[in-house]
Amino acid sequence: MFEKITVATDGSDHASEAIRIACDLAKKYNSKLHIVHTPQAIGDTLIVGYTAVPVPPTKEEIEKSGREVIGAAESEVREAGITDFTSQLVSGDPAHAIVEEAKAHKSDLIVMGRRGLGSLSGLLVGSTTTKVSQLAPCAVLTVK
Ligand code: ATP
Ligand code: MG
């Protein structure tokens with residue numbers, strides 16, 4: 001049913017849950033799995049998982065933090081028993097990056113958290129997930 005699944009991670013616990021469910025579906029449907037992450041520096045703060053580094057980050061620092069997040073996601077996927085997967089670090093707006101990666105990989109499903117690193121605010125659904133649901137050419141599964 002789902003031949004190609006794209007899973008989006010921002011390094012949050014919500015995204016880990018999305019990875020867990022994406023892996024479960026990939027095993028069930030024998031789907032190809034693709035991991036996407038867009039490293040983001042908000043203002044003068046670099047976000048690395050739940051940690052914020054209070055300096056204007058350089059391009060190299062942003063990429064390094066991105067590789068850490070992708071590396072952690074890859075470990076989670078391997079621990080779930082999947083060895084055949086791809087991953088991509090993409091710069092720019094996360095929602096657009098997720099949708100473009102899903103299109104490029106001809107994914108028929110995108111899996112992501114309902115919330116992410118910004119989950120302390122009052123929103124029920126995060127802005128990245130809201131935007132992806134509007135732009136995606138395929139099904140989007142948002143997980144708690
Ligand atoms: P907001 O960012 O609007 O303050 P939030 O961080 O709680 O709220 P989202 O950003 O929508 O919510 O995150 C929801 C899900 O989107 C995450 O669990 C993850 O799957 C995906 N996501 C968010 N940011 C990124 C990113 N930079 N790269 C890849 N995936 C992301
Ligand atoms: Mg967010």
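Does Thr 83 count as buried or exposed, and at what relative accessibility? Thr 83 counts as exposed, because its relative accessibility is 70%, where exposed means over 50% relative accessible area, buried under 20% and partly exposed in between, with a 1.4 Å probe and protein chains only.

This is a predicted model, in which local features need pLDDT of at least 70 and side-chain atom pairs count only at pLDDT 80 or more, while totals for chains, interfaces and linings use all residues. Residues are numbered from 1 along each chain as its sequence is written, chains are lettered from A and ligands numbered from 1 in the order in which they are written, and side-chain values use heavy atoms, with hydrogens and water left out.

**The chain as a whole**

The protein chain has four helices and eight strands. Helices (H or I, at least four residues) and strands (E, at least two) are DSSP runs, numbered from the N terminus. Read from the N terminus, the order of elements is β-α-β-β-β-β-α-β-α-β-α-β. The radius of gyration is 14 Å, close to the 15 Å that the globule rule gives for 144 residues, so the protein chain is as compact as a globular protein of that length. This radius is taken over C-alpha atoms, and the globule rule is 2.2 Å times the number of residues to the power 0.38. Along the principal axes, the C-alpha atoms fill a box of roughly 45 × 30 × 25 Å.

Of the 144 residues, 39% count as buried. Among contacts with a separation of 6 or more, 71% come from residues 24 or more positions apart; a contact means heavy atoms within 4.5 Å. The protein chain exposes about 7,900 Å², and carbon and sulfur atoms supply 53% of it. Accessible areas come from the Shrake-Rupley method with a 1.4 Å probe, and for residues only the protein chains shown count as cover.

**Strand β7 and its partners**

How many residues of β7 are buried? Five of its five residues are, and the strand is mostly covered. Leu 109, Val 111 and Gly 113 are buried on one side, and Ile 110 and Met 112 are buried on the other. Two strands pair if DSSP finds at least two bridges between them. Strand β1 (residues 4-8) pairs with β7 in the parallel sense over three bridges, and Val 7 stands opposite Val 111 in β7. Strand β8 (residues 139-143) also pairs with β7 in the parallel sense, over five bridges. There, the bridge partner of Gly 113 is Val 143 in β8.

**The β4-β5 hairpin**

Strand β4 (residues 45-48) pairs with strand β5 (residues 51-53) in the antiparallel sense over three bridges. Ile 47 has Ala 52 in β5 as its bridge partner. The two strands form a hairpin with two residues between them, and Gly 49 in the turn has a positive phi of about 60 degrees.

**Loop residues**

Asn 30 has a phi near 55 degrees, a positive value in a residue other than glycine. Lys 106 is likewise a residue other than glycine with a positive phi, near 50 degrees. The table lists loop residues with their places and accessibilities.

| Residue | Loop between | Relative accessibility |
|---|---|---|
| Asn 30 | α1 (13-29) and β2 (32-37) | 70%, exposed |
| Thr 83 | α2 (59-79) and β6 (85-89) | 70%, exposed |
| Lys 106 | α3 (94-104) and β7 (109-113) | 63%, exposed |

Thr 83 and Ser 121 are 38 residues apart in sequence and, from C-alpha to C-alpha, 36 Å apart in space.
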